[in-house]
Amino acid sequence: MLAAILGTAMTPVLWGQTATAAAAAAGIHGRHLAFGPDPRTQMIVGFNSTAPISRADVIATSVRGGHSVTASATLQTVRGSAARYARCTLTGLHPDTAYRYAVRVDGQRVSSSTFATAPEAGPFRFTAFGDQGVGTRAVSVLNTVQRLSPRFHLLAGDLCYADSSGQGGAGDVFDPRQWDYWLDQNDRVASQLPWMIAPGNHEMEPGFATHGYAGMLGRIAIGGTSPLAVPVASTFRYSCVGFVGLDSNDVSYEIPANRGWTQGQQTNWLDSTLAALRADPTIDFIVAYMHASPYSTSDAHGSEGGIRESWVPLFDKYEVDLVISGHNHCYERTLPLRRGMITAHATQPTDSETQDTDSELGTTYITAGGGGQVLAPGFYPAGLSRVSSLHDDDIEAVTWPATERADYGTLCADVVPSTTHDAPTLRLRAYDANGVVVDDVTLTRSTKRRPKPPTDDTPAIIGGAIAIAGASAVGIALHRARRNDQLNGTNESGPRHAAT
């Protein structure tokens, strides 16, 4: 039904709605959406106000049929900001339905926009990037997202850079005004398009509870269903795809301020969540998104060995199809991997420009950190990467890069569910800031076989290939950053790299 209302299955919202004059008078800013635990029937609506208000609510009415739902907003303040942040969850919505919603402040309607709920099944599009920030570059990438008209967007950490240091320490440079600038910047898109968020290292803000995340959580909802002990992780289902958002700071060796803060609870939750998703015969693909990159040849942050240790074995075990990350401000894709090793090469049919690969053979890892922040400085020479581990950074020889391009841009994914006769497909295209496609590959699952549990002696993956002991042999300095002091809770030696 929704496709008929909106003209195309890939255009779920009515672009062009703007904040009204009444909204400006009431000081309403930064409208944003996120799916609730069930994207078919729940939508979270948030905004902030610089004017004094005593109550606010949101009323949503279906474009056809006149079905209406109303919810009262909770209001709260966040240290360092003069704004009041409002949030409400609309429940009892109809699946696959376009709604027009209105924000009301003290009984006055001050703003309106639109959204669409998730369907029970069917094809859809989503977009993703990390490392957005505020500025002209971020706006350019945001314009690409708007032109692509996805059903929702994944933001893989490093949202506004209010904490510009990104080390998760008391001495981090912090400007809370960046949050409101960022929310205002994104209003025209985020007010109609749910943004599902995973935290980055720049969300570990000094002086805030919940290991620095309380400032973020007080302003926005990350959406989906979160484990009680880990409010910055989440999962949700959209049509035939299960999504899992993770806090990579919990397992990071490179920036260890929050390493181990969940005491293993996030990893246990990930294990059980992936198990449930892969056991569901109606789930075609599983997509995980997080901030740090487990496989990247960027010379900014390289590859995060903590993810390889803790989570790659689970991605292998449950045949996760796609892992999206940011942190390195560039675009890069790996060939399908199991245990850090290539398991399949994409093929390119003669009658198509897109490449095809069977994601049952391995997980594809994409770094999509080109959301608008300063570009990554570059890449290591061909065939090399740096991986963070417990004590050192090691340069390793790698063969898994499929493509690389240091550029701003967004990842666009088009999903077509399986049918009786056809396998499901997940087409991935990377667009640069000018809207030009720089990568195009399609993941398929030829069957729906379930993975065999690995044996107990399955080793953790640290270096994706051959670790190079002598860096001089390849003419590149081997950066070894001893940080026992950091891992033991101190930071006397300072950060190894500028946090980007």
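Contact here means that heavy atoms lie within 4.5 Å. In this predicted model, that term helps to describe the surroundings of His291, a residue of the loop between β14 (285-289) and β15 (303-304). A second topic is an open sheet formed by seven strands, together with helices that lie against it.

**His291 and its surroundings**

- His291 has a relative accessibility of 1%, and because buried means under 20%, His291 counts as buried.
- Leaving aside residues up to four places away in sequence, His291 touches Asp131, Ala156, Gly157, Asp158, Pro199, Gly200, Asn201, Ser248, Ser325, Gly326 and His327.
- Among these residues, Asp158 is joined to His291 by a polar contact of 3.1 Å between the two side chains, and the side chain of Asn201 makes a polar contact of 3.0 Å with the side chain of His291.

**The open sheet**

- The seven strands follow the order β11-β10-β9-β25-β26-β27-β20, and their pairing is mixed.
- At the edges stand β11 (195-198) and β20 (355-358), each of which pairs on one side only.
- On average, and with direction ignored, neighbouring strands of this sheet are turned by 20° against each other.
- Within the sheet, β9 (residues 124-129) pairs with β10 (residues 152-156) in the parallel sense over four bridges, and Ala128 stands opposite Leu154 in β10.

**Helices against the sheet**

- Helix α3 (residues 136-148) lies across β9, β10, β11, β25 (409-416) and β26 (425-432), and runs at about 20° to β25.
- Helix α4 (residues 177-190) also packs on the sheet, where it touches β10 and β11, and its direction makes about 140° with that of β11.

Terms used: Residues are numbered from 1 along each chain as its sequence is written. This is a predicted model: local features need pLDDT of at least 70, side-chain atom pairs count only at pLDDT 80 or more; totals for chains, interfaces and linings use all residues. Side-chain values use heavy atoms; hydrogens and water are left out. Helices (H or I, at least four residues) and strands (E, at least two) are DSSP runs, numbered from the N terminus. Buried means under 20% relative accessible area, exposed over 50%, partly exposed in between (1.4 Å probe, protein chains only). A polar contact is a pair of N or O atoms within 3.5 Å; within protein, one must be able to donate a hydrogen and the other to accept it, and residues adjacent in sequence count only if both atoms are side-chain atoms. Two strands pair if DSSP finds at least two bridges between them. Axes are lines fitted to C-alpha atoms, for helices over the stretch in contact, and angles run from 0 to 180 degrees between N-to-C directions.
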